Structure formats: C-alpha cells, structure tokens
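Here's a set of short exercises to work through with the model open in your viewer. Try each task before you read its solution.

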Amino acid sequence: MSGSITKSLLVITGAMGAGKTSVLGEASDILTLHYIAHAAIDVDTLGLAYLPTGSGNDDVMYGNLRSVCDNYASLGVTGFLLARALESRAELDLYRGIVLATDTVVCRLTADIETMERRVKERESGVSQREYVARVAKLNVVLDHARLEDFCISSENRSITEVAHEMLVRAGWISM
C-alpha cells in the first residue's frame with residue numbers, strides 16, 4: 001500500500017501485580033525523553049464504571065478505547081502502548097483493529113505469584129482486596145494458556161526503568 005502510515009502497537013500484558021501500569025508509565029516517560037510520539041493507555045481504566053443498563057463494561061471499555069485512539073491518531077500519533085491482561089487472541093485482534101496496527105508486539109510481564117499477590121494487597125486496600133488478590137494466580141494460569149506474548153520480561157527485583165527500557169528495546173521502539 002503506497003502512502004500508508006505504519007501504526008505500531010505494543011501491548012503490555014501480565015497478571016495483576018506484574019507491573020503493567022507502572023511499566024506503561026515509565027515506558028511513556030522514556031519515549032518522551034527520546035521525542036517519540038506515542039499514546040500510553042491503561043485499558044482497564046476506560047471501563048471503570050457501574051452501568052445501570054444491561055451493557056457490559058467491556059463493551060463500553062472498547063468503545064472508549066476506540067475513541068481515545070481515534071483522538072490520538074487525529075493528532076498524528078502512530079505508536080500506541082496498551083496495558084491490559086490479554087486473555088484471548090480475539091481480544092488481541094480487537095486491539096489491532098481499534099488501533100489499525102500494522103506492527104504489533106505483545107510483552108508479558110512476570111513475577112512470582114507471591115510477589116504479585118503482595119503488590120496487589122499493598123495497592124488495593126479497599127473492599128475488593130481479597131477478590132483481587134485471589135484473582136492473581138487464576139489470571140496467571142489463563143495467561144499461561146493463552147500464550148499471546150512475543151516475549152516475557154520479569155519485573156521481579158528490578159527497577160521499573162530497567163524493565164521498561166528492556167521492553168522498549170526488545171519491541172524495537174528504541175535502540176540500546
């Protein structure tokens with residue numbers, strides 16, 4: 001296709017407590033320091049709502065993601081980083097379609113189950129804490145079976161900067 005614009009998508013996946021949101025923010029900071037235009041989106045935050053209708057939160061979340069990506073694209077952004085526990089090939093294909101990505105890389109962040117449970121327990125002090133902590137191991141198994149990642153990076157005992165930098169290099173967004 002002559003004249004087509006390459007759109008890059010980097011999906012950061014992992015169980016709860018693996019560091020997706022923290023690495024997303026740090027990766028955005030690193031890209032900014034390199035003057036690389038991008039949008040960094042924590043997909044889960046686009047669906048935080050209690051809806052009085054029969055609509056599912058995921059439908060609203062994906063609609064919101066489409067709107068946000070369209071807004072960024074209208075400003076010339078061609079690099080999109082999304083943080084979300086990616087549970088199925090269909091979900092990955094949906095993201096590709098929303099971003100209109102011509103180049104997609106999926107990075108899975110990992111850590112020991114105990115580390116992720118501790119992180120979630122420290123982060124989530126509210127009424128749903130037990131539910132979230134219990135979801136860590138279950139979600140990790142789902143991600144093990146889905147195997148959607150192009151590569152994995154451990155966030156165990158490493159700085160967020162080190163993890164984000166390695167991810168961006170391995171994804172081909174920056175050089176060493």
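Before you start, one cut-off: a residue is buried when its relative accessible area is under 20%, exposed when it is over 50%, and partly exposed in between. Keep in mind that you're looking at a predicted model.

**Exercise 1: two backbone oddities**

Task: Look up leucine 100 and work out which loop holds it, what its phi is near, and whether it is buried or exposed. Then do the same for tyrosine 35, starting with its loop.

Solution:
- Step 1. Leucine 100 sits in the loop between helix H3 (89-99) and S4.
- Step 2. Its phi is near 60°, which is a positive value in a residue other than glycine.
- Step 3. Leucine 100 has a relative accessibility of 56%, so it counts as exposed.
- Step 4. Tyrosine 35 is in the loop between H1 and strand S2 (39-42). Here too phi is near 60°, positive in a residue other than glycine.
- Step 5. With a relative accessible area of 77%, tyrosine 35 is exposed.

**Exercise 2: a strand under cover**

Task: How many residues of strand S1 are buried, and which strands are joined to S1 by bridges?

Solution:
- Step 1. Count along residues 8-13: 6 of the 6 are buried, so S1 is largely enclosed by the rest of the structure.
- Step 2. Check each face. Ser8, Leu10 and Ile12 are buried on one side, and Leu9, Val11 and Thr13 are buried on the other.
- Step 3. Now the partners. S1 runs parallel to strand S3 (residues 79-83), with 5 bridges between them; valine 11 stands opposite leucine 82 there.
- Step 4. S1 also runs parallel to strand S4 (residues 103-110), this time with 6 bridges. In that pairing, threonine 13 faces arginine 108.

**Exercise 3: inside the core**

Task: Find the largest nonpolar core and say which residues have the most contacts inside it.

Solution:
- Step 1. This core has 32 residues, and Leu10, Leu81, Leu109, Met167 and Leu168 have the most contacts inside it.
- Step 2. Elements giving two or more residues to it include S1, S3, S4, helix H1 (20-33), helix H5 (129-146) and helix H6 (160-171).
- Step 3. Zoom in on leucine 109. Beyond four places in sequence, the residues it touches include Ile12, Val23, Ile153 and Val163.
- Step 4. Don't miss the second, separate core: it has 21 residues, among them Leu46, Met61, Leu65 and Val99.

**Exercise 4: a polar link from S4**

Task: Which side chain makes a polar contact with that of threonine 104?

Solution:
- Step 1. Threonine 104 is in strand S4 and is buried, with a relative accessible area of 17%.
- Step 2. Its side chain is joined to that of arginine 96 by a polar contact of 3.3 Å.
- Step 3. Leaving out neighbours within four places in sequence, threonine 104 contacts Leu9, Leu92, Arg96 and Asp150.

**Exercise 5: bonded or not?**

Task: Why does cysteine 107 not bond to cysteine 152?

Solution:
- Step 1. A disulfide needs the two sulfur atoms within 2.5 Å.
- Step 2. The closest cysteine sulfur to that of cysteine 107 is in cysteine 152, 7.4 Å away, so it is too far for a bond.
- Step 3. The disulfide count therefore comes to 0 by the 2.5 Å rule.
- Step 4. As for exposure, cysteine 107 is buried at 0% relative accessible area, whereas cysteine 152 is partly exposed at 36%.

Conventions:
Residues numbered from 1 in each chain as written. Predicted model: local features only at pLDDT ≥ 70, side-chain atom pairs only at ≥ 80, totals over all residues. Heavy atoms only, no water. Buried < 20%, exposed > 50% of the residue type's maximum accessible area, 1.4 Å probe, protein only. Helix = DSSP H or I, 4+ residues; strand = E, 2+ residues; numbered from the N terminus. Pairing = 2+ DSSP bridges. Core = buried A, V, L, I, M, F, W, Y, C linked by side-chain atoms within 4.5 Å. Contact = heavy atoms within 4.5 Å. Polar contact = N/O pair within 3.5 Å; in protein donor to acceptor, adjacent residues only side chain to side chain.
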